[in-house]
Amino acid sequence: MRFLLFLTAALAAPGQPVEFNRDIRPILSDRCFTCHGPDAANRKSPLRLDSEPDARRVVTSGKLVERITTANAALRMPPAYAGHAALPARDIDTIRRWVEQGAPWQAHWSLEKPARPHRSSIDGIVKARLERAGMRLSPPASSETLLRRLHLDLTGLPPSPEESKSFEMADYEKVVDRLLASPAHAERMTQRWLEWARYADTNGYQS
């Protein structure tokens with residue numbers, strides 16, 4: 001848990017650019033979309049903060065920051081009169097920095113073309129944290145160990161002795177593709193879904 005908190009803090013650190021999907025959309029979704037979101041039945045205002053044109057209008061006019069920071073309880077958003085608490089200082093600071101950086105918008109992550117992030121990789125974040133604690137990364141695993149981990153993760157089964165003997169690191173991606181396309185991988189994924197759905201616990205449950 002402490003590592004996850006550290007990782008979250010590192011990704012949204014003050015010195016880094018604010019990303020809409022990572023840093024802003026979760027705040028708006030959690031605290032604003034109920035009244036200013038896509039659900040027309042529950043929307044309390046014509047203003048939609050899930051829509052870029054509407055959101056851009058209140059951002060560029062300064063109204064967004066003004067309404068979330070005002071000391072006037074009658075004007076503050078989220079509304080105090082509806083029993084909602086004010087945004088935490090960290091969320092307000094994140095929104096301020098987003099606005100100061102030009103409030104760049106992103107479509108929902110599922111509609112965005114995947115791109116390699118410019119920020120440090122997870123390995124770099126872990127390495128920096130370990131170094132501050134006076135620790136080092138574990139040495140690279142052998143090719144036999146990597147192959148075994150790959151097989152156990154994707155199929156739940158170890159590689160055969162023949163596969164271990166003939167394996168070369170240059171073929172790693174080919175092995176990944178082969179295992180992902182194998183019936184064993186599908187069976188492993190199905191097993192997990194059945195466990196999550198409590199398949200073995202539902203005899204008679206439906207009736």
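What span should the 12 residues of helix α8 have at 1.5 Å a residue, and how far apart are its end C-alpha atoms? I would like to begin there, keeping in mind that what we are looking at is a predicted model. Helix α8 covers residues 143-154, and at 1.5 Å a residue it should span 16 Å; the end C-alpha atoms are in fact 16 Å apart in the model, so the expected span and the computed distance agree.

Turning to the side chains of this helix, the buried residues in α8 are L147, L150, H151 and L154. If you look down the axis of α8, these buried residues fall within an arc of 95°, which means that they line one face of the helix. As for what that face meets, the buried residues of α8 pack against α9 (161-166), α10 (172-180) and α11 (183-196). After α8 comes G156, and its phi is positive, near 80°.

Let me move now to the second largest pocket, which holds about 360 Å³ of space. It is lined by 18 residues, and those closest to its centre are C32, H36, L47, L49 and M77. The elements that contribute two or more residues to this lining are α2 (20-31), α3 (33-36) and α5 (63-69), and of these it is α5 that gives the most, with four residues.

Finally, for those of you who think in terms of chemistry, the lining of the second largest pocket is made up, by class, of 11 nonpolar residues, three polar ones and four charged ones.

Definitions and conventions
Residues numbered from 1 in each chain as written. Predicted model: local features only at pLDDT ≥ 70, side-chain atom pairs only at ≥ 80, totals over all residues. Heavy atoms only, no water. Expected span 1.5 Å × (residues − 1). Buried < 20%, exposed > 50% of the residue type's maximum accessible area, 1.4 Å probe, protein only. Arc of directions from axis to C-beta. Contact = heavy atoms within 4.5 Å. 1 Å grid on protein atoms, 1.4 Å probe; cavity = no way out; pocket = protein on both sides within 12 Å on 5 of 7 lines; lining within 4 Å. Points joined across faces, edges and corners; volume = space filled by probe spheres on them. Nonpolar A, V, L, I, M, F, W, Y, C, P; charged D, E, K, R; others polar.
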